[in-house]
Amino acid sequence: MTNRSGAPVVVAVDGSTSALEAVRVAAREAATRGRPLRVVHAFIWSLYGVSLEPAPGAPVNAGFRHQAEQLVAEAVTEAGKVAPELAVTGAVVEGAPTPMLLVEARDAALLVLGSRGLGGFGGLLIGSVAVQVSAHADCPVLVVKGEPRADGPVLVGVDGSALSAQALGFAFEEASLRDTELVAVHAWIIPVAPSDLLPVAYNVEALAAEEERVLAEAIAGWSERYPDVPVRRRVAYGAPARMLVEESAAAQLTVVGARGRGALAGMLLGSVSHTVLHHSHSPVVVVRHRREDRKD
């Protein structure tokens, strides 16, 4: 699922504690995948026409540019502590965080962001950066929430859509890399008839059986590709976001598609994604179609 030849894992830093947590996670992810790590910082000050050099009489290391280069260097050093053999590079990139990260994602295997930050990354999960990057990035986006647990399953939300299949593929790959089981969650609800129509009668048992079939068929092909990954299926009536948040308490990673169908449709612009990103007890990976996979 992430076999872009030579593509690095990319992590964004801004000098915050959350960003350093993301660097440590990104270093482990890159080392596990056998990929290089690229550390980037969005440098916005030149856009405002301010002087990037130290003020007269100030220390030579006081300028905005030097400070940006220093925080990238510190992040590169931190990554080296986690994975000493890892190939790590750093760059200060001109531009605002969201467009800069979207450009970086074009050639990345995975993009890693901290859940809280400074400046352009401040309030990441409740602001526009995470939503826009996750919705439009051309690679999976991992949002780190503190130090992730080393045990527990990989959790994935499944709704039968094409993007759900990509999320499943990523989740299977992760479970295989982490040598752990996969928990596939499929939530369903009975459609509500418009208020001006008569109530519709549903055979609940038949609907439940159909939803079991949807999940089983979605998993079947991936189980053949990853026979080493044990799978636990969870099919239940209820809200997808609530189920994913509840299950994430025991997971080391939660994987969702950027768009879906039914209750998961428009995930990143609706309540499901916001609920999962805000309340998940594990890091969250958002998967969407890459440019080479999409028909548009």
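The points below go through the predicted model, from overall composition to single residue pairs.

1. Overall composition. The protein has 296 residues, 47% of which count as buried. Eight helices and 10 strands are present. Where contacts link residues at least 6 apart in sequence, 79% of them join residues at least 24 apart. The accessible surface is about 13600 Å², and carbon and sulfur atoms account for 55% of that surface.

2. Nonpolar cores. The largest nonpolar core has 42 residues, and the members touching the most others are Leu-37, Val-112, Val-156, Leu-182 and Val-255. Helix α1 (residues 17-33) is the main contributor, giving seven residues. A second core, separate from this one, has 33 residues, among them Val-40, Met-243, Val-256 and Val-286. In soluble globular proteins, nonpolar side chains tend to be buried together.

3. Leu-37. Leaving aside residues up to four places away in sequence, Leu-37 touches Val-9, Val-11, Ala-26, Ala-27, Ala-30, Ala-79, Leu-86, Ala-87, Val-88 and Thr-89.

4. Helix α5. This helix covers residues 162-178; at 1.5 Å a residue its 17 residues should span 24 Å, and the end C-alpha atoms are 25 Å apart, which agrees. Helix α5 is largely enclosed by the rest of the structure, because 12 of its 17 residues are buried. The buried set includes Gln-166, Glu-173 and Glu-174 as well as Leu-163, Leu-168, Phe-170 and Phe-172.

5. Aromatic pair. The structure holds one such pair. Phe-172 and Tyr-226 are stacked, with 5.9 Å from centre to centre and 25° between the planes. Phe-172 belongs to helix α5 and Tyr-226 to the loop between α6 (204-225) and β8 (231-237), so the pair ties together parts 54 residues apart in sequence. Phe-172 is buried at 0% relative accessibility, and Tyr-226 is buried at 13%.

6. Asp-179. Most residues other than glycine have a negative phi. Asp-179, which is not a glycine, has a positive phi of about 55°. Asp-179 follows α5 and sits in the loop between α5 and β7 (182-188). With a relative accessible area of 70%, Asp-179 is exposed.

7. Ala-150. This residue is in the loop between β5 (141-144) and β6 (154-157), and it is exposed at 78% relative accessibility. The C-alpha atoms of Ala-150 and Arg-178 are 8.8 Å apart, with their positions 28 residues apart in sequence.

8. Salt bridges between elements. The count is 13 salt bridges. Arg-232 and Glu-181 form one of them, at 3.0 Å from N to O. Arg-232 is in strand β8 and Glu-181 in the loop between α5 and β7, so the pair ties together parts 51 residues apart in sequence. Both ends are partly exposed: Arg-232 at 36% and Glu-181 at 26%.

9. Salt bridge within α6. The side chains of Glu-217 and Arg-213 form a salt bridge at 2.7 Å, N to O. These residues lie four apart in helix α6, about one turn. Glu-217 is exposed at 52%, while Arg-213 is partly exposed at 35%.

10. Arg-234 and Glu-247. In this salt bridge the closest N and O atoms are 1.9 Å apart. Arg-234 is in strand β8 and Glu-247 in helix α7 (residues 240-248), 13 residues apart. Arg-234 is partly exposed at 28%; Glu-247 is buried at 18%. Elsewhere, Glu-29, Arg-33, Glu-174 and Arg-178 are joined into one network by salt bridges that share partners.

Conventions. Residues are numbered from 1 along each chain as its sequence is written. This is a predicted model: local features need pLDDT of at least 70, side-chain atom pairs count only at pLDDT 80 or more; totals for chains, interfaces and linings use all residues. Side-chain values use heavy atoms; hydrogens and water are left out. A nonpolar core is a set of buried Ala, Val, Leu, Ile, Met, Phe, Trp, Tyr and Cys residues joined through side-chain atoms within 4.5 Å. Buried means under 20% relative accessible area, exposed over 50%, partly exposed in between (1.4 Å probe, protein chains only). Helices (H or I, at least four residues) and strands (E, at least two) are DSSP runs, numbered from the N terminus. Contact means heavy atoms within 4.5 Å. The expected span of a helix is 1.5 Å times one less than its number of residues. Rings of Phe, Tyr and Trp (its six-membered ring) pair if their centres lie within 6.5 Å; planes under 30 degrees apart count as stacked, over 60 as edge-to-face and the rest as tilted. Accessible areas come from the Shrake-Rupley method with a 1.4 Å probe; for residues, only the protein chains shown count as cover. A salt bridge is a side-chain nitrogen of Lys or Arg within 4 Å of a carboxyl oxygen of Asp or Glu.
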